[in-house]
Structure formats: C-alpha cells, structure tokens
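Subject: Handover of a structure and its findings

Dear colleague,

Please find below the structure I agreed to hand over. My findings follow beneath it.

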Amino acid sequence: MANLRSPLFMALCLCQLLALLQSQVSGYTFKVGDLSSWGIPSAANPKVYSYWSKYHSVRIGDSLLFLYPPSQDSVIQVTPQNFDSCNLKDPILYMNNGNSLFNITEDADLYFTSGEPGHCEKKQKLYIKVGNGSSASAYAPNYGPGGALADTAPSSPIAFGSIPVAPSTSSSSVVGARFSVIIGLLVSGVMVRGIL
C-alpha cells in the first residue's frame, strides 16, 4: 500500500490538483458560427447564428472569434435596441481587422452584428447571454423560447466544430476537461502504486 505521506505521492497529488484548477480556469476560443467566416447566412442555413448561440455554452474567460475578410465585413457590439432594429450607429465596440477576438470578462447579455449596411437585416447577428458566473446559455432573438428576445488574445484551445443539430446537455469543454482530470488521477494512482 502506498505511503500517503511520501514526497512522491504528495508531489503527484499537487500536480493533479494544479491540472484540475487549470482545466477549470482556462478559457476556450469559440469560432462564431463554426463556419469558414463570419458572414451573411446562406439560404440553406438562414438561422446559423441563432442555432450556434443556442447550442454553445460560453463562460467568463472564454473568447469569441469572428473571422471574415476585413475589406468586406466587420463586427460591432451594439445595444439591445440597436440589435433589434439593426441600427449600426453608435456601436459599443467596432472590430474590423478580419480576425476579431472578443473576450468574455463578465456576466452580460452580448449583442453583435455585422457593421456592414444590410447584413444585420439578413440575420448576420448574434445574441449571447452569459450568466450566473459559471456558464452561459445563449439564445438568438426571434428563435429562442417563445419566439422573442429572452448574445489581447488568450493562449487557449480553439473550440471549432460542426453546426449542432440537437441540443447539448453540457459544455463539451467542461466534460472533456473533467474527463482528462479523471484519467490523470487514475493514471497517477496506478503510477504511485507501481512505484511505492
């Protein structure tokens, strides 16, 4: 049986604790829409941003990555009223470099739209609700419950993927992080038993 007070066992436990804390603190970068670029939704998938925001969970510490040709588009953060009316005047934030990263730093309702005239009216807009400090549920306007509005780069993994077709019950990033910590604990337990 392993000596629970041995320096090797204590060091392994400390490493596992640090890995657990790292997995809970580090954020993910989500590519908005999981498409090749931020743009006007296609006729085949007109609700891409509403579905994307509905089935992705973001948290404080995560980032939203908007990719687009800088000469053809931009991203603006707007007020709820400007979001609903597609008013592009007086944005809260204007990003136009083609590789725009928005860091989630607080619980908030976030409203984004294209800064190009006419794009918002063609559903190139995103609403995300970040709430309760630990996780977010995101719903796009006109497609959420009831049909009404109820949306320096970090060194972090980028969460890309296909457009979801069914609701997810939990954030894959949290599940993956917890799974890797559990595997790490199991491997460490095997290693400690083999060494001691």
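The paragraphs below go from the overall arrangement to the strands, the cores, the disulfide and two residues of note.

**Overall arrangement**

Please note that this is a predicted model. The protein chain contains four helices and nine strands. Read from the N terminus, their order is α-β-α-β-β-α-β-β-β-β-β-β-α. The chain has 196 residues, of which 39% count as buried. Its exposed surface comes to about 11,000 Å², and 59% of that is supplied by carbon and sulfur atoms.

**Strand 2 and its partners**

Strand 2 covers residues 63-67, and four of its five residues are buried. It pairs with strand 1 (29-31) in the parallel sense, over three bridges. Within this pairing, Lys31 stands opposite Leu65 of strand 2. Strand 2 also pairs with strand 5 (residues 99-103), here in the antiparallel sense and over five bridges. Leu65 takes part in this pairing as well, with Leu101 as its bridge partner in strand 5. As background, side chains in a regular strand alternate between the two faces of the sheet.

The connection between the parallel strands involves helix 2 (48-55). Together, strand 1, helix 2 and strand 2 form a β-α-β unit, and this unit is right-handed. Helix 2 is itself mostly covered, with six of its eight residues buried. These buried residues are Val48, Tyr49, Ser50, Trp52, Ser53 and Tyr55. They pack against strand 1, strand 2 and strand 7, so helix 2 has contacts with both strands of the β-α-β unit and with strand 7.**Strands 6 and 7**

Strand 6 (108-114) and strand 7 (125-131) run antiparallel and are joined by six bridges. In this pairing, Tyr111 stands opposite Tyr127 of strand 7. Six of the seven residues of strand 7 are buried, which means that the rest of the structure largely encloses this strand.

**Nonpolar cores**

Which residues touch the most other members of the largest nonpolar core? They are Val32, Leu64, Phe66, Phe102, Phe112 and Leu126, in a core of 21 residues. Helix 2, strand 2, strand 6 and strand 7 are the elements that give two or more residues to this core.

Phe66 offers a view of the surroundings within this region. Leaving aside neighbours within four places in sequence, Phe66 is in contact with Val32, Trp38, Val75, Gly98, Asn99, Ser100, Phe102, Phe112 and Leu126. Several of these contacts also appear in the list of core residues above, including Val32, Phe102, Phe112 and Leu126.

Another core, of five residues, lies apart from the largest one. Among its members are Ile76, Val78, Tyr111 and Tyr127. Two of these names, Tyr111 and Tyr127, were met above as residues standing opposite one another across strands 6 and 7.

**The disulfide**

The structure holds one disulfide. It joins Cys86 to Cys120, with an S to S distance of 2.2 Å. The link is left-handed, with -70° about the S-S bond. What does this pair tie together? Cys86 lies in the loop between helix 3 (80-85) and strand 4 (93-95), while Cys120 lies in the loop between strand 6 and strand 7, so the disulfide connects parts that are 34 residues apart in sequence. Both ends of the link are covered: Cys86 is buried at a relative accessible area of 13%, and Cys120 is buried at 1% relative accessibility.

**Two residues with positive phi**

Most residues other than glycine have a negative phi. Two residues of this chain are worth listing against that background. Asp90 is not a glycine, yet has a positive phi of about 55°. It is placed in the loop between helix 3 and strand 4, the loop that also holds Cys86. Is Asp90 buried or exposed? At 68% relative accessibility it counts as exposed, because the cut-off for that class is over 50%.

Lys123 likewise has a positive phi, near 70°, in a residue other than glycine. Its place is in the loop between strand 6 and strand 7, where Cys120 is also found. Lys123 counts as partly exposed, with a relative accessibility of 30%.

With kind regards

Terms used:
Residues numbered from 1 in each chain as written. Predicted model: local features only at pLDDT ≥ 70, side-chain atom pairs only at ≥ 80, totals over all residues. Heavy atoms only, no water. Buried < 20%, exposed > 50% of the residue type's maximum accessible area, 1.4 Å probe, protein only. Areas by Shrake-Rupley, 256 points an atom, 1.4 Å probe, with all protein chains shown as cover. Disulfide = S-S within 2.5 Å. Core = buried A, V, L, I, M, F, W, Y, C linked by side-chain atoms within 4.5 Å. Contact = heavy atoms within 4.5 Å. Pairing = 2+ DSSP bridges. Right-handed = clockwise from strand over helix to strand, strands pointing away.
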